[in-house]
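Trainee: Got a minute to walk through this model with me? I'd like to start with the aromatic rings.

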Amino acid sequence: MLLPTYLHAQSRAQTAKKTLLSGIVMTRVEERIRHYAFPSQVLQMKMAFSVVYPVGYEDKGKPWPVLFFLHGLGRNEKTLIEDPESKQKLLAQPYVIVLPKGENGWYFDSPFTASRQYASYLDEVVALAGKTVHISMDRSQRAIGGWSAGGFGSTWACLRHPESFSTLATIIAVVDFPAPEARFPRTPETFGTDPARWPEFNPMNRAEQLRGTSILLVIGEKATDAIMNDRLSAKLKAADIPHETLRLPGGHTFPTVQGGVGPVCDFVAKHLRPR
């Protein structure tokens with residue numbers, strides 16, 4: 001099977017010590033956290049991602065396992081590292097964590113608005129991270145996840161690139177979306193206004209394609225998306241796809257995200273089996 005372009009790029013990049021590509025501006029946040037700003041060729045604007053490095057990280061030797069973790073609407077690539085509780089959990093992990101800036105694009109390529117190609121932008125970030133950080137291109141060492149709209153985007157990333165991610169871990173993910181009954185803003189610039197088109201954009205309708213992926217769904221019991229995640233779990237069960245669920249007492253709120261970060265990190269560590 002052919003690897004996506006960004007994995008070929010990572011393979012070439014890993015033959016030498018990582019150096020910053022032209023146009024990338026790196027800022028040291030603290031000892032093991034860096035922020036990278038770059039001019040996105042896909043979106044034609046300045047974008048960014050943060051990286052949390054594990055203890056003992058080096059730009060040589062065996063490439064490091066990696067988790068790409070996507071934020072929800074109204075948040076950004078700094079949200080988790082600016083939250084002390086979440087930051088400490090990220091810093092404790094034995095793998096690299098990449099936190100892309102996603103704006104409110106749902107990490108989805110809109111068929112209606114040429115400037116809203118956020119799935120292609122996510123691919124761009126993944127490729128750039130592979131050229132900047134010494135991370136593995138082995139599927140078994142790569143995970144993706146996110147919260148809220150980031151859960152939507154990470155689920156779609158697994159569907160678009162099943163050969164690239166072995167593990168999916170989401171928190172209060174908006175996964176049965178867009179749909180007429182969904183109580184979330186549908187962003188017409190991204191999904192349009194015709195309900196007849198929405199099923200093709202809804203990752204729930206492709207749940208069986210997640211077979212072979214290690215999956216964790218962290219569900220807020222009082223969240224408006226809880227029924228969505230319960231539906232996804234039921235579809236996975238019906239398709240005989242093993243997965244785990246964890247129910248937290250909160251709603252579709254940041255405290256629920258905070259409560260889910262630790263379990264997500266532990267799940268990823270268990271399934272990537274970092275060195």
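Mentor: Sure. Rings of Phe, Tyr and Trp, the last by its six-membered ring, count as a pair if their centres lie within 6.5 Å. Bear in mind that this is a predicted model.

Trainee: OK, how many aromatic pairs does a search of the whole structure find?

Mentor: It turns up 21 aromatic pairs. Take F108 and F191: their ring centres are 5.4 Å apart and the planes sit at 40°, so that pair is tilted.

Trainee: What makes a pair tilted rather than stacked or edge-to-face?

Mentor: Planes under 30 degrees apart are stacked, over 60 they are edge-to-face, and the rest are tilted.

Trainee: And where do F108 and F191 lie?

Mentor: F108 is in the loop between β5 (96-100) and α4 (118-132), while F191 is in helix α6 (residues 188-191), so the pair ties together parts that are 83 residues apart in sequence.

Trainee: Are those two buried or exposed?

Mentor: Both F108 and F191 are buried. They also belong to a cluster linked by ring pairs, with W106, F112, F152, W156, F177 and F201 as the other members.

Trainee: Let me switch to T187. Where does that one lie?

Mentor: T187 is in the loop between β7 (167-171) and α6. Its relative accessibility is 16%, and the cut-off for buried is under 20%, so T187 counts as buried.

Trainee: Which residues is T187 in contact with, leaving aside neighbours within four places in sequence?

Mentor: W106, R116 and G192. W106 is one of the residues in the ring cluster, too.

Trainee: What about I172?

Mentor: I172 is also placed in the loop between β7 and α6. With a relative accessible area of 1%, I172 is buried. Beyond its neighbours within four places, I172 has contacts that include S148, V218, D225, H252 and V257. The C-alpha atoms of I172 and W147 are 5.8 Å apart, with their positions 25 residues apart along the chain.

Trainee: Zooming out, how many helices and strands are in the protein chain?

Mentor: Eight helices and nine strands. The radius of gyration is 17 Å, close to the 19 Å from the globule rule for 275 residues, so the chain is as compact as a globular protein of that length.

Trainee: What share of the residues is buried?

Mentor: 58% of the 275 residues. And of the contacts between residues at least 6 apart in sequence, 73% join residues at least 24 apart.

Trainee: Last one: how many positive and negative side chains are there?

Mentor: The chain has 32 positive and 26 negative ones, and the centres of the two sets lie 4 Å apart.

Terms used: Residues numbered from 1 in each chain as written. Predicted model: local features only at pLDDT ≥ 70, side-chain atom pairs only at ≥ 80, totals over all residues. Heavy atoms only, no water. Helix = DSSP H or I, 4+ residues; strand = E, 2+ residues; numbered from the N terminus. Rg over C-alpha atoms; globule rule 2.2 N^0.38 Å. Buried < 20%, exposed > 50% of the residue type's maximum accessible area, 1.4 Å probe, protein only. Contact = heavy atoms within 4.5 Å. Lys, Arg positive; Asp, Glu negative; His and termini not counted. Charge placed at Lys NZ, Arg CZ, Asp CG, Glu CD.
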